[in-house]
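Welcome to this short tour! Open your viewer, get the selection tool ready and follow along one stop at a time.

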Amino acid sequence: MFKSIIAATAMVLASSQFVWSADYTIRLSHGDNETNPTHLTAVKFKELVEQYSDGKVEVQIYPNNSLGGESEVAQALRMGSIDAEILYTGNLMPLAPSSGVLMLPYAYNSTSEAHKAMDALLEPLNERIIQEAGVRALGLMEKGFRVLTTNKPVETLDDLQGLKIRVSPNDIAIQTFKSWGIEPIPMDWAEVFPALQQRVIDGQENPYTTAISSRFYEVQSDITEIHYMIWTGPLIISERVFQSYPEDIQQVVVKAGKEAVDYGRQVSAEKTDEAIAELTKRGVNLHGAPKDEEKWQSSAQALWPQFYGQIGGAEWAEKAVGIIKSAAK
Ligand code: MLT
């Protein structure tokens, strides 16, 4: 009895000591499960921050939207009631319009082109989103092209007609799908799987890795590589929280953020190949690009000037497009 009281007391002291040893705690939220590259990036960020700060900073990860939907959490970051988040740019855009430059349809031919553009955009983008949403991006993560999953083959624009496709609630995705002749359904990310299951929607678009981590293969039979957008997602920290740190901790957070995002991009590429193999094994029909891809591309690209007003104005949009185009050279 005496021994077990001593053991229990030692455990309490040990766990309290662990809590006391961290001077700062970063609560980091994201909307995916533990097998998704977003989570692996979060885990890398935790490892690096804790290592570089010699344990002065602890990172607690909250996956699966457990602290709230992606846009809702981004709002909490402004107040500093949650500290950090990795989220899809489309879910940040309603709060930080300037981030929409990362979402112009058919802006990139490859992920390596996107990396160059995103790295060059990080600093000028931060100047704007700190003002707009009170958040700072430590790096811009990327998970590959978003692909269209459906419950019937879609190989041409004609095949798409009449389908109820969920998009993230941002105007760029909505207008792009409208330019393809359908009325998309904006919906919070957390609601997508049940909506597919109950056939409230016929399809959605997200990277290959998400089709695995969110088990879309259970409710979707076909995938088309519409290539219209790469999943980009900033690792953001509340500016209010960031400014409350001493300089050495700010430096740790910035360095760890950049390295974690680089790791996340690399792991995404590996996991994308694995996801394609796994989806094939599970009997999902992979169609590659649409046969009439040029039509999809030209109607979506024609919308760019129309988007400039909502992504921070023509001056910023044209500057950002210049950066994106130089990255492609
Ligand atoms: C979405 O479609 O809302 C996002 O791509 C989900 C995610 O963050 O993985």
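**Where two domains meet**

Between domain 1 and domain 2 there are 11 residue pairs in polar contact, both residues at pLDDT 80 or more. A polar contact is a pair of N or O atoms within 3.5 Å; within protein, one must be able to donate a hydrogen and the other to accept it, and residues adjacent in sequence count only if both atoms are side-chain atoms.

Before you click on, note that this is a predicted model, where local features need pLDDT of at least 70, side-chain atom pairs count only at pLDDT 80 or more, and totals for chains, interfaces and linings use all residues. Residues are numbered from 1 along each chain as its sequence is written, and side-chain values use heavy atoms, with hydrogens and water left out.

Now colour domain 1 (23–142 + 232–279) and domain 2 (148–227 + 281–300); these bounds come from an automatic or database domain assignment. Their C-alpha centres lie 25 Å apart.

Next, select the residues in contact (heavy atoms within 4.5 Å): 26 belong to domain 1 and 28 to domain 2.

Which salt bridge can you find here? Show the side chains of Glu278 and Arg282. They meet in a salt bridge at 2.8 Å, N to O. The term means a side-chain nitrogen of Lys or Arg within 4 Å of a carboxyl oxygen of Asp or Glu, and the rule finds 2 of them across the interface of domain 1 and domain 2.
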